[in-house]
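Good morning, colleagues. I would like to take you through a structure that is new to this group, and I ask you to keep the model in view as I speak.

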Amino acid sequence: MASEGSTYGDIHRYEPPRESTAAAMGIVLLTVIQVALVGLFTYGMLTGWASGIGTTLTVRLIEANMFLGGVLTVIFLDLAFIMLLYRKEFLPDVMIVKKRRRKWEDLYIRQEDVDGASLADEEQLVDTIKRAVYPYYKK
């Protein structure tokens, strides 16, 4: 479904999501893995794997910290894959017509001031410069 209009806010292109069953099962499987990994990380933090409680060797402490860091990394990678699958399979692809603005357009107060002001009326020119520098300037 695409509209022929080019006015601001018109939908230019709309592609519905695929909503495949395989993607839904993949998201459920990845969510179960996510819950298991979060449980493992929480258990490791509560039992003190990274704090060195009950260990005397520094090497075991470093290995425990590396293990918990690795589990945390896998947690965020799994979450990224869940979000990727959801965005790709369950969100529509919509392109909306937007107003294109020039980089310097925000510097001017009114549309007719885009080309600049003449030097003939200096009082108006000074007022325009004051408004461009300080937008909340009151007369």
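I begin with Arg18, which counts as exposed because its relative accessibility is 57%, over the 50% that the term requires. Please bear in mind throughout that we are looking at a predicted model.

What does the side chain of Arg18 meet in a salt bridge? The partner is the side chain of Glu89, at a distance of 3.4 Å from N to O. This pair links distant parts of the chain: Glu89 belongs to helix 2, residues 58-90, whereas Arg18 sits in the loop between strand 1, residues 11-15, and helix 1, and 71 residues separate the two. Unlike Arg18, which is exposed, Glu89 is buried, because its relative accessible area of 11% falls under the 20% limit. As a general point, side chains of opposite charge can pair when their charged atoms come close. The count of salt bridges in this model comes to one.

Let me now place these elements in the whole. The protein has three helices and two strands. Read from the N terminus, the order of the elements is β-α-α-β-α. The protein has 139 residues, and 16% of them count as buried.

I return to the loop between strand 1 and helix 1, where two further residues deserve attention. Glu19 lies in this loop and counts as exposed, with 51% relative accessibility. Its phi is near 55 degrees, a positive value in a residue other than glycine. For context, most residues other than glycine have a negative phi. Ser20 lies in the same loop as well, and is partly exposed at a relative accessible area of 27%. How far apart in space are Ser20 and Glu89, C-alpha to C-alpha? The distance is 6.8 Å, although their positions lie 69 residues apart in sequence.

The next topic is the largest pocket, which holds about 180 Å³ of space. Its lining includes Glu15, Pro16, Pro17 and Arg18, and also Arg87, Lys88, Leu91, Pro92 and Asp93. Arg18, already met in the salt bridge, is thus one of the residues that line this pocket. Sorted by class, the lining has five charged residues, four nonpolar residues and no polar ones.

We turn next to helix 2 again, this time at Val71. Is Val71 buried or exposed? Val71 counts as buried, because its relative accessibility is 7%, under the 20% limit. The C-alpha atoms of Val71 and Phe41 are separated by 6.5 Å, while the two residues are 30 apart along the chain.

Finally, I draw your attention to the surface. Which residues make the nonpolar surface patch of about 380 Å²? They are Leu40, Tyr43, Trp49 and Phe67. Of these, Leu40 lies in helix 1, residues 21-47, and is partly exposed, with a relative accessible area of 31%. Leu40 can belong to the patch because this value is over the 30% that patch residues need.

To close, I would ask you to look once more at the salt bridge between Glu89 and Arg18, and at the patch made by Leu40, Tyr43, Trp49 and Phe67. Thank you for your attention.

Conventions
Residues are numbered from 1 along each chain as its sequence is written. This is a predicted model: local features need pLDDT of at least 70, side-chain atom pairs count only at pLDDT 80 or more; totals for chains, interfaces and linings use all residues. Side-chain values use heavy atoms; hydrogens and water are left out. Patches are made of residues with over 30% relative accessible area and no salt bridge: like charges are joined within 9 Å, nonpolar side chains (Val, Leu, Ile, Met, Phe, Trp, Tyr) within 5 Å. Accessible areas come from the Shrake-Rupley method with a 1.4 Å probe; for residues, only the protein chains shown count as cover. A salt bridge is a side-chain nitrogen of Lys or Arg within 4 Å of a carboxyl oxygen of Asp or Glu. Helices (H or I, at least four residues) and strands (E, at least two) are DSSP runs, numbered from the N terminus. Buried means under 20% relative accessible area, exposed over 50%, partly exposed in between (1.4 Å probe, protein chains only). On a 1 Å grid over the protein atoms alone, a cavity is a set of points where a 1.4 Å probe fits but cannot get out, and a pocket is an open set with protein on both sides within 12 Å along at least five of seven lines; lining residues have an atom within 4 Å of a point. Grid points are joined across faces, edges and corners, and a volume is the space filled by probe spheres set on the points. Ala, Val, Leu, Ile, Met, Phe, Trp, Tyr, Cys and Pro count as nonpolar, Asp, Glu, Lys and Arg as charged, and the others, Gly among them, as polar.
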